[in-house]
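Hello! Here is the structure I promised to pass on to you. Have a look at it first, and then read on for what turned up in it.

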Amino acid sequence: GELADDSSAASLDNADEEVAKLIDWLKKHPEKADAYSWGKLDSYRWRILLQKCPKYARYCDWSKLDGDNWSRLLRRQPRFADKCDWSKLDATGWKDLLDWQQQFMEKCDLAEIFKTAAGKEFKADRYDDVGGMGDLVSEYPKLSDKCDWGKLNEEVLSQLRIGDWEELIGI
């Protein structure tokens, strides 16, 4: 039979163990991979599986991966970059990815990151994003140089006037 599914009640604390069991099961039953219920894997479990066993990528529903898990997956498996929805990465995810894989710098659009942060409902979330942007821009100043700041209207800029990001990006 198929591997028992107890993932709905499982927390992320044991997700790594679940994925390890899945990998062991797939090794013992490779002929059952096509029939496995891949749809039940969430973003985190897909990331862990693909980091360890990239050969199962053909079964992945890439839309399930969130920005954090995309960032972490691409650090170890940059081969999946052509599948990535780059708009899902926030400033912190971009910094974490670029710390490992600077070849993706051309994919990073600071103006889009700013617009996304400005659209967040809660000020604390925007503040976290702005802090992440400060870290990203101070570590990778070339991103600011290539950014199309004209994409940001005054409404977006006014929502992001937190901290010293204006000085960091030079606008």
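Let's begin with helix α3 (residues 67-76) and helix α4 (residues 91-100), which pack against each other at an angle of about 0° with their axes 9 Å apart. Please keep in mind that this is a predicted model. If you wonder why both an angle and a distance are quoted, two packed helices are described by the angle between their axes and the distance between the axes. Angles under 35 degrees count as roughly parallel, and α3 and α4 are therefore roughly parallel to each other. On the α3 side, the contact is made by S71, L74 and R75, while α4 brings in G93, D96, L97 and W100. Sorted by class, the residues of this contact of α3 with α4 are three nonpolar, two polar and two charged.

Helix α3 also packs against α2. Here, too, the angle is about 0° and the axes of α2 and α3 lie 9 Å apart. That makes α2 roughly parallel to α3. From α2, the residues in the contact are S43, Y44, R47, L50 and Q51, and from α3 they are N69, R72, L73 and R76. The contact of α2 with α3 has three nonpolar, three polar and three charged residues.

Now a closer look at α2 itself. How many of the 10 residues of α2 are buried? Nine of them are, so α2 is largely enclosed by the rest of the structure. The buried residues are S43, Y44, R45, W46, R47, I48, L49, L50 and Q51. And what covers the buried residues of α2? The cover includes α1 and α3.

Next come the charged pairs. Side chains of opposite charge can pair when their charged atoms come close. A search of the whole structure finds six salt bridges, and here are some that you can look up in the model.

One salt bridge joins the side chains of E18 and R45, at 2.8 Å from N to O. E18 belongs to helix α1 (residues 15-28) and R45 to helix α2 (residues 43-52), so the pair ties together parts that are 27 residues apart in sequence. Are these two residues buried or exposed? E18 counts as buried, at 14% relative accessibility, and R45 is buried as well, with a relative accessible area of 5%. There is a further partner to look for, as E18, D42 and R45 are linked in a network of salt bridges.

Another salt bridge brings together the side chains of R72 and D68, at 3.0 Å from N to O. Both R72 and D68 lie in helix α3, four residues apart, which is about one turn of the helix. R72 counts as partly exposed at 33% relative accessibility, and D68 counts as partly exposed at 38%. You have already met R72, since R72 is one of the α3 residues in the contact with α2.

In helix α4, K95 forms a salt bridge with D99, and their closest N and O atoms are 2.8 Å apart. K95 and D99 are four residues apart in α4, so about one helical turn separates them. K95 is buried, with a relative accessible area of 18%, whereas D99 counts as partly exposed at 37% relative accessibility.

One more residue to find is W70, which lies in helix α3. W70 is buried, with a relative accessible area of 1%. Which residues is W70 in contact with, leaving aside its neighbours within four places in sequence? They are W62, L65, F80, K83, C84, D85, K88 and L89. Take L89 as a case to try on screen: W70 and L89 are 19 residues apart in sequence and 7.4 Å apart in space, C-alpha to C-alpha.

Finally, let's step back to the whole chain. Its secondary structure comes to nine helices and zero strands, and along the sequence the pattern reads α-α-α-α-α-α-α-α-α. Of the 171 residues in the chain, 46% are buried. Among the contacts with a separation of 6 or more, 54% are between residues 24 or more positions apart. The chain exposes about 9,500 Å², and carbon and sulfur atoms supply 46% of that area.

Enjoy exploring, and write back with any questions!

Notes:
Residues are numbered from 1 along each chain as its sequence is written. This is a predicted model: local features need pLDDT of at least 70, side-chain atom pairs count only at pLDDT 80 or more; totals for chains, interfaces and linings use all residues. Side-chain values use heavy atoms; hydrogens and water are left out. Axes are lines fitted to C-alpha atoms, for helices over the stretch in contact, and angles run from 0 to 180 degrees between N-to-C directions. Helices (H or I, at least four residues) and strands (E, at least two) are DSSP runs, numbered from the N terminus. Angles under 35 degrees count as roughly parallel, over 145 as roughly antiparallel, 65 to 115 as roughly perpendicular and the rest as oblique. Contact means heavy atoms within 4.5 Å. Ala, Val, Leu, Ile, Met, Phe, Trp, Tyr, Cys and Pro count as nonpolar, Asp, Glu, Lys and Arg as charged, and the others, Gly among them, as polar. Buried means under 20% relative accessible area, exposed over 50%, partly exposed in between (1.4 Å probe, protein chains only). Accessible areas come from the Shrake-Rupley method with a 1.4 Å probe; for residues, only the protein chains shown count as cover. A salt bridge is a side-chain nitrogen of Lys or Arg within 4 Å of a carboxyl oxygen of Asp or Glu.
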